[in-house]
Amino acid sequence: MPPKIPQSVLVVIHTPALEVLLIERADAPGFWQSVTGSKDTLDESFELTAAREVAEETGIDVRAPGHTLTDWALENVYEIYPQWRHRYAEGVTHNTEHLFGLCIPRAVPVLLSPREHRDQVWLPWTAAAERCFSPSNAEAISWLPRMAARLN
């Protein structure tokens, strides 16, 4: 398997009422997060990466009627947790993560990929931010009210 590309997306999936979908990692019980994932190729756009990862991890089609995928034009650069560095090329220690929001009309059950995630929950945005394991994910969710207001 080729090494992961240290360029990824984080997609905060939410409703107009600011309920947020969190999914629990299969390889790290208690690690709740939004949809995340790395580019498959260097030339894959962040938008295509976001659409692909949302479909793979939840079964949600970002292009379905009533769904709005929004590029938040924000990035996080963070240190890759040591337990996951083996997935990247030797010497890679940091990842750049591009943020998106995906507004869907209402909270729905999603189709999880069992090899990646074991559970799902919809929470009000404040509770979702508190439950996230990753500080950058919690911060992204804290931006949701401001980002959602830009859509209206």
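## Helix H1

Let's start with a quick check on helix H1 (residues 46-58) in this predicted model. At 1.5 Å a residue, its 13 residues should span 18 Å, and the end C-alpha atoms are indeed 18 Å apart, so the two values agree. Just after H1 comes Gly 59, which has a positive phi, near 80°.

Which residues of H1 are buried? They are Phe 46, Thr 49, Ala 50, Ala 51, Arg 52, Glu 53, Val 54, Glu 57 and Thr 58. The buried residues of H1 pack against several strands: S1, S2, S4 (35-38), S5, S6 (94-103) and S7 (117-124).

## Strand S5

Strand S5 covers residues 68-79 and includes Ala 73; Thr 70 is found in S5 too. Is Thr 70 buried or exposed? At 16% relative accessibility, Thr 70 counts as buried, because the cut-off for that class is under 20%. Leaving aside residues up to four places away in sequence, Thr 70 touches Leu 99, Phe 100, Gly 101 and Leu 151.

Ala 73 has a relative accessibility of 62% and therefore counts as exposed, the cut-off being over 50%.

## Positive phi outside glycine

Most residues other than glycine have a negative phi, which makes the next two residues worth a look. Ala 73, in strand S5, has a positive phi near 55°. Leu 18 is not a glycine either, and its phi is positive at about 65°.

Where does Leu 18 sit? Its place is in the loop between strand S1 (7-14) and strand S2 (19-25). With 15% relative accessibility, Leu 18 counts as buried, whereas Ala 73 counts as exposed.

Methods
Residues are numbered from 1 along each chain as its sequence is written. This is a predicted model: local features need pLDDT of at least 70, side-chain atom pairs count only at pLDDT 80 or more; totals for chains, interfaces and linings use all residues. Side-chain values use heavy atoms; hydrogens and water are left out. Helices (H or I, at least four residues) and strands (E, at least two) are DSSP runs, numbered from the N terminus. Buried means under 20% relative accessible area, exposed over 50%, partly exposed in between (1.4 Å probe, protein chains only). Contact means heavy atoms within 4.5 Å. The expected span of a helix is 1.5 Å times one less than its number of residues.
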